[in-house]
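Q: Could we read this model together, taking one feature at a time and moving from the general idea to the case at hand?

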Amino acid sequence: MDLLLFLAAALRISVPYTLAALGASINERGGVINIALEGIMLNGALAYVLGAWWTGNAWAGIAAAVAGGVATGALHALVTVRFRADQITSGLGINLLAAGLTKFVLTQVFHSSSNSARVVGLPDWRLPVVGGLPGLGPVLGTPLVLLTIALVLGGHWLLFRSVFGLRLRTMGERPEAGATLGLRVAAYRTAGVLLSGALAGLAGAWLASEQHSFTDGMTGGRGYIALAAMIVGKWTPLGAAAACLLFGAAEALQITLQGAAFPNEVLQMLPYLVTMLVLAGFIGRATAPRAIGVPYDPEEA
Amino acid sequence: MSPRRLAAAAALAAAVALPLACSQPASRAKSPAAGAPLRVGLVFDVGGRGDKSFNDAAYAGLERAKRELGIDFVTLETGEGNDREAAMRQLAAGGSQLVFGVGFLFTDDIRNLAKEFPDVKFACVDYTLQPGDTLLPNLVALKFKEEEGSYLVGALAGLLTKTHKVGFVGGMEIPLIKKFEAGYRAGVQKVCPRCEVVVKYAGTTGSAFKDPTKGKELGLSEYHQGADIIFHASGSTGLGVFEAARELDRLAIGVDSDQGDEAPGHVLTSMVKRVDTAVFDLIRDTRAGQWQGGVRVFGLAEHGVGWVYDDRNRGLIPAPVKAEVDSLEREIVAGRIVAPDQ
């Protein structure tokens, strides 16, 4: 029973990490760094609340969050792929922009600079067999959890088994080779960033749907943790998802053990400690895509 | 400048300009003529206006002062960064005679500004006193005896728990929040010596006050560990605790202001901190020429802290329980019980 509750908490915590880390592995494989994940997630969370607020329908909220994520991703793609600006700078700019923009919209629509009104959340489905498990059952029946599992598997197939994935990875390794084959480097890279935006938007929708509201700055650095997970997972969707589960488990453990005999200061360190240990010892050498962060300029190639 | 640099610069400029756009402009008028209304400036804490809590209470105090005393006020909201000092400086230099900083985060900045602007009066809600700290004559530290209010809601929880286990969720783990925990714990133990208190904190940085996702996990965890009532002192993080109470059909206790509307039927009461009273009282005294620098403490006796009992939660609290908590309140006011603050 306790173990199932713990697993349920770990799973819930890792959902937003996993969605964003999956997105990150797609855009980075295409050669674009996306530290804007944090801001995209924040915009997605607000978009969910606006969509659900205006229509009263949680699925409309999901659609709005994906649209908001894609739109924010498009801004990043425009600045980094089209204008070939520095990718870190653009990402930082978008994160700052999202922090200010969400607060602005919040004050305009909900007349509060910290919280939105309460909106509907996604329903829980009751699955056969596993649905009866205490604690874990309801979590496995959450539509976004099921979707996340499907997206990770689908994302892995897309990157490593499909023609699109092969070409996208080419743009992250040797874009000039892709261009020689007559492929449009910018189009593939943009597609990678847009996919990533959609996924990070979905991650934001999860946060807002679980709370039934938006809170200023509610992503709380989760976008950056997702980036770390993606690196720990060696730029692969399955690896990233495993790392996210590990991070989620560390955080759930920290929450469960608090108030017991352990000194709290040590417990608060736990998730970070796990990250450092895994990065330092267990995963071996992680190699980034060769052309990561380098804008592709056909005239220089 | 190449097109790509230009685009990046534009994106950054937009990002920086937006948060500023949401704050209200401060008037630049210099020291007003004699007989003119008192000019009060106030800078909000993290969370800002509409937090249904701390900041809104401070604003309510300003509005009441404007209505009843006819003062003028300007408010500023800061963004994510460390622009609290800049905002207060803007108000102090812009002609405000009394400048409020809402929240302990203002402590260092306000101490320095009080030195720099000796003719402007400053007040800081929840100012953190360091050992051996002497306040300048133009600075007032507004402190609350959170432990006294927390003691009472702790007693309430201790009298009403059916599982003999109650919970506490704190935001950032700092002495200020430990005061809530200590008072709460003592109140629980007073009425129910065998009751257990499960305590969890959201983190060790300021963002621990605005992470409802974490708050919900902390709440779910405490409820699953057997607590049936949770008191939160964690700002917006506590919204997640209310979500957990809704989901598992348990009870939660709000903080700072009346949070009964956050989860109707699941809010046992709220431990209120009357920031509005503190702000109003200080403005009233300043206007009457009775300014006195130093520490001003608001406890149960000063009606600076308390707990909510009204039509919405009357059904949850039987009359004998209410009477017992009220008698504890009288004991504290009379000084016969001292609520511990650590």
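A: Strand β1 (residues 39–43) of chain B is a good place to begin: β1(B) and strand β2 (residues 72–76) of chain B pair in the parallel sense over five bridges. Please keep in mind throughout that this is a predicted model.

Q: Which residue stands opposite B:Asp72 in β2(B), and how many of the five residues of β2(B) are buried?

A: The residue opposite B:Asp72 is B:Arg39. As for burial, a residue counts as buried if 20 or more other C-beta atoms lie within 10 Å of its own, and by that test four of the five residues of β2(B) are buried, leaving the strand mostly covered.

Q: How should I read chain B as a whole, and what percentage of its 342 residues is buried?

A: Chain B holds 10 helices and 12 strands, and buried residues account for 55% of its 342 residues. When contacts in chain B between residues at least 6 apart in sequence are considered, 69% of them join residues at least 24 apart.

Q: Where do the domains of chain B lie along the sequence?

A: According to the domain assignment, domain 1 of chain B covers 27–144 + 275–298, while domain 2 covers 146–272 + 309–333. Their centres, taken over C-alpha atoms, are separated by 29 Å, and 12 residues of domain 1 of chain B are in contact with nine residues of domain 2 of chain B. On the domain 1 side of that contact, helix α2 (residues 54–69) of chain B gives the most, with three residues, and the residues of this side divide into six nonpolar, two polar and four charged.

Q: How do I read the burial pattern of a helix, and which residues of α10(B) are buried?

A: The general idea is that an α-helix has 3.6 residues a turn, so residues three or four places apart point the same way. In α10(B), the buried residues are B:Val325, B:Leu328, B:Glu329 and B:Ile332. Seen down the axis of α10(B), these buried residues fall within an arc of 105°, so they line one face of the helix. They pack against α5 (146–160) of chain B, whereas the face of α10(B) turned away from the buried side carries exposed residues, including B:Ala319, B:Asp326 and B:Arg330.

Q: What is the reach of helix α10 (residues 319–333) of chain B from its first C-alpha to its last, and what phi does B:Gly335 take just after α10(B)?

A: This helix of 15 residues reaches 21 Å, close to the 21 Å expected at 1.5 Å a residue. Just after α10(B), B:Gly335 takes a positive phi of about 85°.

Q: How does helix α11 (residues 237–257) of chain A look when its span and burial are read in that manner?

A: The end C-alpha atoms of α11(A) are 30 Å apart, which agrees with the 30 Å that its 21 residues should span at 1.5 Å a residue. Because 15 of those 21 residues are buried, α11(A) is largely enclosed by the rest of the structure. Just after α11(A), A:Gly259 takes a positive phi of about 90°.

Q: How many residues of chain B and of chain A does the contact take, and which element gives the largest share of the chain B side?

A: The contact takes 44 residues from chain B and 40 residues from chain A. On the chain B side, α1 (3–21), β7 (196–203), α7 (212–224) and α8 (237–248) each supply at least two residues, with the largest share, 13 residues, coming from α1(B). The residues of the side of chain B that touches chain A divide into 18 nonpolar, 12 polar and 14 charged.

Notes
Residues are numbered from 1 along each chain as its sequence is written. Chains are lettered from A and ligands numbered from 1 in the order in which they are written. This is a predicted model: local features need pLDDT of at least 70, side-chain atom pairs count only at pLDDT 80 or more; totals for chains, interfaces and linings use all residues. The expected span of a helix is 1.5 Å times one less than its number of residues. A residue is buried if 20 or more other C-beta atoms lie within 10 Å of its own, exposed if 12 or fewer, and partly exposed in between; C-beta atoms are placed from the backbone. The arc is that of the directions from the helix axis to the C-beta atoms. Two residues are in contact if their C-beta atoms, placed from the backbone, lie within 7 Å. Domain bounds come from an automatic or database domain assignment. Ala, Val, Leu, Ile, Met, Phe, Trp, Tyr, Cys and Pro count as nonpolar, Asp, Glu, Lys and Arg as charged, and the others, Gly among them, as polar. Two strands pair if DSSP finds at least two bridges between them.
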